[in-house]
Amino acid sequence: MTRPLTGAELAAEKRKSWLLEEERRARARGDQGRMEFWLRLTRSRIAKEIKADRRDVYAGFTLICRLFMTAMDKRAAGDQRLWNDLMQYAQRVVDQNPPRN
């Protein structure tokens with residue numbers, strides 16, 4: 001017999017279900033919808049990190065954005081290597097680390 005979920009477990013399940021449903025809706029709007037969804041989610045998470053006094057999140061997000069911009073610039077200039085490496089690494093990290101509960 002399985003035990004009932006605790007409040008924390010129930011909240012985690014609801015959060016995960018919400019995340020999956022929102023991503024499904026975003027996918028229905030195409031790549032731009034998915035991008036906008038993840039940007040909103042990231043912005044919300046950054047705000048929570050700031051409230052928890054983990055302000056290094058600013059520097060981390062800034063570096064990620066600069067890396068992404070550099071990869072786009074190099075790709076536009078004809079050098080695909082950084083873009084391809086970044087995309088492969090990002091996919092590997094995402095595959096190994098599913099969304100948190």
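Q: Taking helices as DSSP runs of H or I with at least four residues and strands as runs of E with at least two, numbered from the N terminus, how many of each does the protein have?

A: The protein has four helices and zero strands, and from the N terminus on its elements run α-α-α-α. This is a predicted model, in which local features need pLDDT of at least 70 and side-chain atom pairs count only at pLDDT 80 or more, while totals for chains, interfaces and linings use all residues. Residues are numbered from 1 along each chain as its sequence is written, and side-chain values use heavy atoms, leaving out hydrogens and water.

Q: How do helix 2 and helix 3 pack?

A: Helix 2 (residues 31-51) and helix 3 (residues 56-76) pack at about 150 degrees with their axes 9 Å apart, where axes are lines fitted to C-alpha atoms, for helices over the stretch in contact, and angles run from 0 to 180 degrees between N-to-C directions. The two helices are therefore roughly antiparallel, a term for angles over 145 degrees, with under 35 counted as roughly parallel, 65 to 115 as roughly perpendicular and the rest as oblique.

Q: Which residues make that contact?

A: Helix 2 brings Thr 42, Ile 46, Glu 49 and Ile 50, and helix 3 brings Val 57, Tyr 58 and Phe 61, contact meaning heavy atoms within 4.5 Å. By class there are five nonpolar residues, one polar and one charged, where Ala, Val, Leu, Ile, Met, Phe, Trp, Tyr, Cys and Pro count as nonpolar, Asp, Glu, Lys and Arg as charged, and the others, Gly among them, as polar.

Q: Is Tyr 58 buried or exposed?

A: Tyr 58, which lies in helix 3, is partly exposed at a relative accessible area of 47%; buried means under 20%, exposed over 50% and partly exposed in between, with a 1.4 Å probe and protein chains only. Its C-alpha is 7.9 Å from that of Ile 46, and the two residues are 12 apart in sequence.

Q: And at what angle do helix 1 and helix 2 pack?

A: Helix 1 (residues 7-28) packs on helix 2 at about 145 degrees, with their axes 7 Å apart. Trp 18, Leu 19, Glu 22, Glu 23, Ala 26 and Arg 27 of helix 1 meet Gly 33, Arg 34, Phe 37, Trp 38 and Leu 41 of helix 2, and these residues divide into six nonpolar, one polar and four charged.

Q: What box does the whole thing fill?

A: The C-alpha atoms fill roughly 60 × 35 × 25 Å along the principal axes. Buried residues make up 14% of the 101 residues.
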